[in-house]
Amino acid sequence: MPPTITAFANSPDRGRGQARDMRVRWALEEVGQPYNVRLVSFEEMKQPGHLALHPFAQIPTYEDGDVTMFETGAIVLHIAEHHAGLLPSEASARARGIAWMFAALNTVEPPIVELGMATLLERDESWYEERLPILRDRASIRLDELSRHLGGADWLDGAFSAGDLLMVTVLRRLNASRILEDYPTLASYVARGEARPAFRRAFDAQLAVFTAASG
């Protein structure tokens, strides 16, 4: 039986490929692993059955035989370790690929998420205009560093890896802000990721769920 992941029955991202099941879909598409999707509502995510899979009432979850997991980074790493194509076989390069996975989620994503949440939820607060430049600066520091590292390379460390997969999905969270227009190196990097056939298949599958729910 193929693995089963969970995803939003009606995604708040409106089919833009921002919901975190996109990362797992993309990883599975990259390695050619068929998978099933169980759609869950926000109410179902709070029920005991889902909480047994994800104690924080979120998506995605991953089930494959006796293996049940949550957290996209852990799931993508699990996929990469059990299928060829997402991590190098050479030990040192493989270790660096895993390091970039952690860097995407632990170093680059937090200031981007904080900026996005402030823009979405805090606009009416009296301190919003004062706080926004601080959040932009924090995100810009990481983007400057990442752009400098990438330089003229196509990917973060040699061939495309799970580190790139996660980093591209993190940077795509900036799409609405247009901040990446100031970072042509990173904008091109994201475009390369989005042009991969596996990304397009994952994106189209996620979009089809939203389109069906909205029809």
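**Group meeting: a walk through the predicted model**

Let me begin in a loop, with Ala-57, which is found between α2 and β3. Although Ala-57 is not a glycine, its phi is positive, at about 55°, and the residue is partly exposed, with a relative accessible area of 25%. I should say at once that this is a predicted model, and that everything I describe is computed from it. As background, most residues other than glycine have a negative phi, and most peptide bonds are trans.

That background matters again in the same stretch of chain, since Pro-60 also lies in the loop between α2, residues 48-51, and β3, and the peptide bond that joins Ile-59 to Pro-60 is cis, with an omega of about 0°. Another residue to set beside Ala-57 is Arg-14, which is not a glycine and yet has a positive phi of about 60°. Arg-14 sits in the loop between β1 and α1, and it is exposed, with a relative accessible area of 53%.

Now to the sheet. It is open, it has 4 strands in the order β2-β1-β3-β4, and its pairing is mixed. The strands β2, residues 36-40, and β4 stand at the edges with a single partner strand each, so one side of each has no neighbour in the sheet. From one strand to the next, the twist averages 20°.

If we take the pairs in turn, β1, residues 4-8, runs parallel to β2 over 5 bridges, and within that pair Thr-4 has Asn-36 in β2 as its bridge partner. Packed on the sheet is helix α1, residues 21-31, which touches β1 and β2 and whose direction makes about 145° with that of β1.

How many of the residues of α1 are buried? The count is 11 of 11, so that the helix is mostly covered, where buried means under 20% relative accessible area. The buried residues include charged ones such as Asp-21, Arg-23, Arg-25, Glu-29 and Glu-30, alongside others such as Met-22, Val-24, Trp-26 and Leu-28. Just after α1 comes Gly-32, with a positive phi of about 75°.

Turning to the other pair I want to show, β3, residues 61-64, and β4, residues 67-70, are antiparallel over 4 bridges, and Glu-63 stands opposite Thr-68 in β4. These two strands form a hairpin with 2 residues between them, and in the turn Gly-65 has a positive phi of about 65°.

The last part concerns two helices. Helix α4, residues 91-121, packs against helix α5, residues 128-150, at an angle of about 155°, and their axes are 9 Å apart. Because an angle over 145 degrees counts as roughly antiparallel, that is how α4 is placed relative to α5. The crossing of α4 and α5 is left-handed.

Which residues of α4 meet α5? From α4, among them are Trp-100, Thr-107, Pro-111, Ile-112, Glu-114 and Leu-115, and on the α5 side they meet residues including Tyr-128, Arg-131, Leu-132, Leu-135, Arg-142 and His-149. Taken together, the residues of the contact of α4 with α5 divide into 11 nonpolar, 3 polar and 5 charged.

To close, I would ask you to keep two places in view while you look at the structure: the loop between α2 and β3, where Ala-57 is found, and the contact of α4 with α5, with its 11 nonpolar residues.

Methods
Residues are numbered from 1 along each chain as its sequence is written. This is a predicted model: local features need pLDDT of at least 70, side-chain atom pairs count only at pLDDT 80 or more; totals for chains, interfaces and linings use all residues. Side-chain values use heavy atoms; hydrogens and water are left out. Two strands pair if DSSP finds at least two bridges between them. Axes are lines fitted to C-alpha atoms, for helices over the stretch in contact, and angles run from 0 to 180 degrees between N-to-C directions. Contact means heavy atoms within 4.5 Å. Angles under 35 degrees count as roughly parallel, over 145 as roughly antiparallel, 65 to 115 as roughly perpendicular and the rest as oblique. A crossing is left-handed if the near helix is turned anticlockwise from the far one by less than a right angle, and right-handed if clockwise. Buried means under 20% relative accessible area, exposed over 50%, partly exposed in between (1.4 Å probe, protein chains only).
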